[in-house]
Amino acid sequence: MMKKEFSGKSIIIAVPDHFGLPERFKDNLEALGFNVLVIPDTVKVKIGILNTIIHAYKKIFLGDKTFKNRKKAERKLERQILTLNNYNLKSYDYALVIRPDLFSSELISEVKKRANLISAYQWDGLDRFPLVYERIDSFDRFFVFDVNDLEKNTRLLPLTNFYFDDIKLRDKKFDVYFVGTYMRNRIDLLIKLARKFQDMKLKTSINLNINSKEKAKKFVNEPITIIEKPMLFKDNIINVSQSDIILDFANDIHYGISMRTFEAIGYGKKLITNNPLVKKYDFYNSNNIFVIEDDNIDGLESFISTPYVDLPKEIIEKYSFTNWLKYVLDIHPYLPINLQS
């Protein structure tokens, strides 16, 4: 059982409704003792035909991609404010907003009135969702995932991802595990690896979300499982905890490290990744992490047969949700997360 070191403290969280992520944050925060208010992001809204046309015009002719997200956030506002007003607390110790571009400036303003400190984490590149630039000054602390974004505003702070540390490890079920969406630039490598694991007679759970049935037909004879909808975050973490090796692919639009990497650290798993950035971090150990460069998998069999090397306790704790949260909420004075020189 986790130590409830935040017992008596309260927090508002606004987290996009991606694969059950708000509930995952809430569970870990409550395990730490927080009284948690989740701002609903499950409100289904449509922007209408006229606004769809306006969005297309602005996107194509003015290069403005923010209109659609702005309108959606505005239309969710009424229910979100109602949730704020109806909760049993009127003031909170903290507030945390993940992906603030997805929440209206009016909502952020209302949350800020109720919280002693409000922090934000943009775990997508700033330029990918430029509406976020309008939100930065609304927060006491604003963190970015991509270190290349730091030069774009002097108020920005660097932050890695983390692993949820309220998860109980399960008994092993798989040798290798992966879940992800179809991306054309990584499918060939994924299939190459899946075939290699099959040849090695490893027990795998390689799950690929493909929306197109026509596209999915191409992979019916491959050693992968096609899933029709994305997996819930909690289910994914349980599968991670039941596996010896986690498979990870870098996203070309980011310069940073995925949560899969930190889950491997926190849960004591090996990692196979094509993201060379992991070599610059203090947790890197070639016995634990196999880095694929130029799609070269030579040495993979040797890596898989080599025992896992336990990491120092301080490294494991550094990348936990608890330590991450202390830094985000300005409780922990310094989280040493910068890349090694």
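In strand β3, Tyr94 is the bridge partner of Ile11. That pairing belongs to a predicted model, and it makes a handy entry point to the sheet. Strands β1 and β3 pair in the parallel sense, with 4 bridges between them. On to the next neighbour: β3 and β4 are also joined in the parallel sense, over 6 bridges, and here Tyr92 stands opposite Ala115 in β4. How much of β3 is buried? Of its 7 residues, 7 are buried, so to speak a mostly covered strand.

Now let us widen the view to the sheet itself. It is an open sheet of 6 strands in the order β2-β1-β3-β4-β5-β6, and the pairing is parallel. Which strands lie at the edges? They are β2 (35–38) and β6 (156–158), each of which pairs on one side only. Averaged over the sheet and ignoring direction, neighbouring strands are turned by 25° against each other. Towards the β6 edge, strand β5 (residues 141–144) runs parallel to β6 and is joined to β6 by 3 bridges. There, Phe143 stands opposite Leu157 of β6. As a reminder for reading such pairs, strands of a sheet pair through backbone hydrogen bonds, either parallel or antiparallel.

The table gathers three of the parallel pairings.

| Strand pair | Bridges |
|---|---|
| β1 and β3 | 4 bridges |
| β3 and β4 | 6 bridges |
| β5 and β6 | 3 bridges |

Next come the helices.

Helix α4 (residues 105–114) packs on this sheet, where it touches β1 (10–14), β3 (92–98) and β4 (115–122). The direction of α4 makes about 140° with that of β4. Another helix to look at is α3 (residues 67–86), which holds Ile81. Which residues does Ile81 touch once its neighbours within four places in sequence are left aside? They are Leu107 and Glu110. Ile81 and Glu110 are 29 residues apart in sequence, yet their C-alpha atoms are 7.7 Å apart in space.

Helices α1 and α11 offer a helix-to-helix case. The axes of α1 (residues 21–31) and α11 (residues 321–328) come within 11 Å and cross at roughly 90°. Because angles from 65 to 115 degrees count as roughly perpendicular, α1 is roughly perpendicular to α11. On the α1 side the contact is made by Phe25, Asn28 and Leu29, and on the α11 side by Phe321, Trp324 and Leu325. By character, the residues of this contact divide into 5 nonpolar, 1 polar and no charged.

Is helix α8 (residues 259–267) mostly covered or mostly uncovered? It is mostly covered, with 8 of its 9 residues buried. The buried residues of α8 are Met259, Arg260, Thr261, Phe262, Glu263, Ala264, Ile265 and Tyr267. Their cover includes helices α7 (233–241) and α10 (313–318), together with strands β10 (243–248) and β11 (270–273).

Finally, some totals for the protein. Its secondary structure comes to 11 helices and 12 strands. Of the 341 residues, 51% are buried. Among contacts between residues at least 6 apart in sequence, 67% join residues at least 24 apart. The accessible surface comes to about 17100 Å², and carbon and sulfur atoms account for 49% of that surface.

Definitions and conventions:
Residues are numbered from 1 along each chain as its sequence is written. This is a predicted model: local features need pLDDT of at least 70, side-chain atom pairs count only at pLDDT 80 or more; totals for chains, interfaces and linings use all residues. Side-chain values use heavy atoms; hydrogens and water are left out. Axes are lines fitted to C-alpha atoms, for helices over the stretch in contact, and angles run from 0 to 180 degrees between N-to-C directions. Helices (H or I, at least four residues) and strands (E, at least two) are DSSP runs, numbered from the N terminus. Angles under 35 degrees count as roughly parallel, over 145 as roughly antiparallel, 65 to 115 as roughly perpendicular and the rest as oblique. Contact means heavy atoms within 4.5 Å. Ala, Val, Leu, Ile, Met, Phe, Trp, Tyr, Cys and Pro count as nonpolar, Asp, Glu, Lys and Arg as charged, and the others, Gly among them, as polar. Buried means under 20% relative accessible area, exposed over 50%, partly exposed in between (1.4 Å probe, protein chains only). Accessible areas come from the Shrake-Rupley method with a 1.4 Å probe; for residues, only the protein chains shown count as cover. Two strands pair if DSSP finds at least two bridges between them.
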